Amino acid sequence: MRAVDTNVLVRLLARDDARQASAADDAIAKGAWASHLVLAEALWVLDAVYERTPKQLVAALDLLLAHETLVLQDADVVAAAVAQFRARPALGFSDCLVLEIARKAGQLPLVTFDKALGRLDGAQRL
């Protein structure tokens, strides 16, 4: 299985360049894998560059989680992060993902200076 980078995920979701979207579709047709870092970067691009709303970002994440041929690193962790983000979109997806990665690794609490993140179960505000 091949791995994909941030630009491939962005093309899959943004569909703003027909040639690149088609190439991205072809690249993952026989199976592909995306890391946490690639996923976080892609969501950042969709938020910062494409100005997608939290609701649209959750929809994009749901699409990726349900994709037939794309595998996300630790999909269970990503799903838990999506649930946190869906409930508290002001946090940002990457904060939710960092917390859920730490939880899976058994490395809690996640210490943070972020007031909102520090309120979540498993996090501790400094």
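Which helix holds aspartate 26? Aspartate 26 lies in helix α2, which runs over residues 18-28. The legends below describe a predicted model.

**Figure 1. The whole protein chain of the predicted model.** The protein chain contains six helices and five strands. Their order along the sequence is β-α-α-β-α-α-β-α-α-β-β. The C-alpha atoms fit a box of roughly 45 × 30 × 20 Å along the principal axes. The radius of gyration is 15 Å, which agrees with the value near 14 Å for a compact globule of 126 residues. Of the contacts with a separation of 6 or more, 52% join residues 24 or more positions apart.

**Figure 2. Surface and charge of the protein chain.** The exposed area is about 7,100 Å², and carbon and sulfur atoms supply 53% of this area. Buried residues make up 40% of the 126 residues. The side chains include 14 positive and 16 negative ones. The centres of these two sets lie 4 Å apart.

**Figure 3. Aspartate 26 in helix α2.** Is aspartate 26 buried or exposed? Its relative accessible area is 58%, and the cut-off for exposed is over 50%, so aspartate 26 is exposed. The C-alpha of aspartate 26 is 12 Å from the C-alpha of arginine 11. In sequence, aspartate 26 and arginine 11 are 15 residues apart.

**Figure 4. Helix α3 and the elements packed against it.** Helix α3 covers residues 36-48 and has 13 residues. From first C-alpha to last it reaches 18 Å, close to the 18 Å expected at 1.5 Å a residue. Which residues of α3 are buried? They are His36, Val38, Leu39, Ala42, Leu43, Val45 and Leu46. The helices that these buried residues pack against are α1 (6-14), α4 (54-66), α5 (75-87) and α6 (93-105). The strands β2 (32-34) and β3 (70-72) also pack against the buried residues of α3.

**Figure 5. Histidine 36 and its contacts.** Histidine 36 is part of helix α3. Its relative accessibility is 10%, and the cut-off for buried is under 20%, so histidine 36 counts as buried. Leaving out residues up to four places away in sequence, what does histidine 36 touch? The contacts are Gln73, Asp74, Val77, Val78, Leu97 and Ile101. One of them, Asp74, is also the subject of the next view.

**Figure 6. Aspartate 74 in the loop between β3 and α5.** Phi of aspartate 74 is near 45°, a positive value in a residue other than glycine. At a relative accessible area of 30%, aspartate 74 is partly exposed. Among the residues that histidine 36 touches is this aspartate.

**Figure 7. Arginine 15 in the loop between α1 and α2.** Arginine 15 is a residue other than glycine with a positive phi, near 55°. Its relative accessible area of 42% falls between the cut-offs of 20% and 50%, so arginine 15 is partly exposed.

**Figure 8. The cis peptide bond between leucine 108 and proline 109.** Omega of this bond is about 10°. Where does proline 109 lie? Proline 109 is in the loop between α6 and β4, and β4 covers residues 110-112.

Definitions and conventions. Residues numbered from 1 in each chain as written. Predicted model: local features only at pLDDT ≥ 70, side-chain atom pairs only at ≥ 80, totals over all residues. Heavy atoms only, no water. Helix = DSSP H or I, 4+ residues; strand = E, 2+ residues; numbered from the N terminus. Rg over C-alpha atoms; globule rule 2.2 N^0.38 Å. Buried < 20%, exposed > 50% of the residue type's maximum accessible area, 1.4 Å probe, protein only. Contact = heavy atoms within 4.5 Å. Areas by Shrake-Rupley, 256 points an atom, 1.4 Å probe, with all protein chains shown as cover. Lys, Arg positive; Asp, Glu negative; His and termini not counted. Charge placed at Lys NZ, Arg CZ, Asp CG, Glu CD. Expected span 1.5 Å × (residues − 1).
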